[in-house]
Amino acid sequence: MAFVIDPTPTPSVAVLGSEDRFPVRRIFCVGRNYAAHAREMGKDPDREPPFFFTKPADAVVDSGSTIPYPPETSNFHYEAEMIVAIGTGGRNIAEAGALSHVWGYGTGNDLTRRDLQQVAKDMGRPWDWGKAFDNSAVIGPLSPVSQVGHPSSGSIKLTVNGETKQDGDLTELIWSIPEVIAILSRSIALAPGDLIMSGTPAGVGKLKPGDVCTASVVGLADCTVTIGEPL
Ligand code: MN
């Protein structure tokens with residue numbers, strides 16, 4: 001058997017302190033997952049069920065890259081997020097055992113064409129053109145659970161040209177990582193190589209050519225991207 005055209009190389013992201021890389025299968029993103037205040041323990045009757053959107057695996061970009069300002073937007077946004085890298089898959093994963101499916105964690109930037117996303121929301125259309133475009137998932141080097149454990153508290157922030165724009169805490173996640181894994185796995189079979197972008201704290205805003213944008217999560221490698229001129 002031969003392929004009739006050359007198959008796409010497996011997209012991948014860096015692993016901190018290693019030449020090895022993590023192969024990316026799919027990218028699931030959680031919409032609106034930070035409250036203004038830390039979540040209280042136990043039930044929160046006001047929280048809406050989480051919802052998800054996706055990005056193509058080959059939208060991944062390594063930290064340190066320069067990417068062109070994307071087409072068809074004049075409101076291009078950053079979103080700092082903690083990245084969850086799935087090492088073992090499953091369906092109907094129980095919340096109690098969910099973290100055993102995680103290979104590691106990283107810091108990412110869910111780049112967004114906010115104007116196209118808003119049009120989609122207003123018109124009841126899919127979010128893809130706002131979220132799932134080329135170079136839209138900047139992912140810093142991943143750290144394995146064996147080195148960083150399971151981060152659930154501490155700073156998540158983002159700077160543009162050194163100025164702090166987002167300054168949150170992982171404890172503000174409305175849906176915890178075990179909950180997100182459990183809920184996702186009820187709708188689709190999670191698989192090794194899947195990445196979860198777990199949501200962004202308040203403070204999202206615009207990027208322009210020349211900007212240097214760095215997302216950070218305490219204990220994990222930073223994720224930096226430079227915005228170049230449009231193609
Ligand atoms: Mn996001």
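In the predicted model, leucine 158 has alanine 215, a residue of strand 17, as its bridge partner. The two strands concerned, strand 13 (residues 155-160) and strand 17 (residues 212-217), run antiparallel to one another and are joined by five bridges.

This pair belongs to an open sheet of five strands, arranged in the order 6-18-17-13-14. Strand 17 is thus flanked by strands 18 and 13, while strand 13 lies between strands 17 and 14. Pairing across the sheet as a whole is mixed. The edges are formed by strand 6 (65-68) and strand 14 (163-169); each has a single partner strand, and therefore one side of each has no neighbour in the sheet. From one strand to the next, the twist averages 20°.

The cysteines were examined next. The structure contains zero disulfides. For cysteine 29, which takes part in no disulfide, the nearest cysteine sulfur is that of cysteine 223, at 13 Å. Cysteine 29 is buried, its relative accessible area being 0%.

Cysteine 223 is likewise without a bonding partner: its closest cysteine sulfur belongs to cysteine 213 and lies 7.9 Å away, which is too far for a bond. A disulfide would require the two sulfur atoms to be within 2.5 Å. Cysteine 223 is also buried, with a relative accessible area of 0%.

Notes:
Residues numbered from 1 in each chain as written. Predicted model: local features only at pLDDT ≥ 70, side-chain atom pairs only at ≥ 80, totals over all residues. Heavy atoms only, no water. Pairing = 2+ DSSP bridges. Helix = DSSP H or I, 4+ residues; strand = E, 2+ residues; numbered from the N terminus. Axes fitted to C-alpha atoms, helices over the stretch in contact; angles between N-to-C directions. Buried < 20%, exposed > 50% of the residue type's maximum accessible area, 1.4 Å probe, protein only.
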